[in-house]
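Hello,

Please find the structure below. My notes on it come after.

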Amino acid sequence: MSATTTVVILMAMAEEAAPIIGELGLVRNGRLLATPLPMVVYEGCVDDLFIALVVNGVDERFGVANVGTQPAVLSAYVAIQQYNPDLIINAGTAGGFGQRGCQIGDVYISAGSFKFHDRRIPLPGYTEYGIGSYPAENTTAMAQALGLKQGAISTGNSLDKTHTDLDMMGVCDADVKEMEAAAIAWVAWLYGKPMIALKAITDLVDSPVRPEEQFVDNLAAASENLCQKVVEVLHYYTEDGPALSLRHKLPAIYA
Ligand code: SAH
């Protein structure tokens, strides 16, 4: 039996992942499961943790990053098959609500449950199914230790938002809006894998400037901040000494 503690980091875009890959000295190890899937894997170690960082790769037809919930589900599923991780971290960028105290460049850690804001199914039981509310690890101790903002993360498949999306995010008290976390959280829940998300703010949802303009302007700086916090989180899990300390720091909600 191997005592290695494995962390899988799932990321949508190469631009978001590049600083982390560089900082941790991760080495490219081909495609996920060596399949035709577009996801690319980078591997390495941080203290006694084995790290597999999966980037969702490029859509061959459109030449852009595989953002959104479909690639997120697929990479989460295959990465769990390949690595059987002790922890899944979804790291990426997101929009934040200025009215709720978000600032460009902030890095949020997930709190509460992971929800969808664009799955509206007004039938008995299906309303709640649509929203999802997948369980999230309790990150309060870590947020306090590392000075991270905690926030409720809401997922949908659009960079912009409709009025209905906004209403839904208001009802759910969302702090942060992005396109992957709840999808990954569903897979993590199916497999009983602890999951946290770290999201760096590239744009403010309630700004008059369009999100795509803000996103492009702030992607590089936000990705640098994200890198710093991902590294701090990994060290947090190992600071009490080698071997399995990560497990002791995960609340036992999946036990
Ligand atoms: N326009 C970008 C496309 C990126 S899509 C480009 O030209 O490269 C947005 C990605 O960043 C998704 O992976 C999503 O999770 C995250 N994201 C950042 N800000 C977001 C927002 N306001 N709403 C939804 N997703 C956002």
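The notes start with the whole chain and end with one helix.

This is a predicted model, in which local features need pLDDT of at least 70 and side-chain atom pairs count only at pLDDT 80 or more, while totals for chains, interfaces and linings use all residues. Residues are numbered from 1 along each chain as its sequence is written, and side-chain values use heavy atoms, with hydrogens and water left out.

The protein chain contains eight helices and 11 strands (DSSP runs, H or I of at least four residues for helices and E of at least two for strands, numbered from the N terminus). Its C-alpha atoms fill a box of roughly 50 × 40 × 35 Å along the principal axes. The radius of gyration (over C-alpha atoms; the globule rule is 2.2 Å times the number of residues to the power 0.38) is 17 Å, which agrees with the value near 18 Å for a compact globule of 255 residues.

Of the 255 residues, 54% are buried (under 20% relative accessible area, 1.4 Å probe, protein chains only). Among contacts (heavy atoms within 4.5 Å) with a separation of 6 or more, 73% join residues 24 or more positions apart.

Helix α6 covers residues 181–190, and seven of its 10 residues are buried. The buried ones are Ala181, Ala182, Ala183, Ile184, Ala185, Val187 and Ala188. In general, an α-helix has 3.6 residues a turn, so residues three or four places apart point the same way. Just after α6, glycine 192 has a positive phi of about 65°.

Regards

Notes:
Buried means under 20% relative accessible area, exposed over 50%, partly exposed in between (1.4 Å probe, protein chains only).
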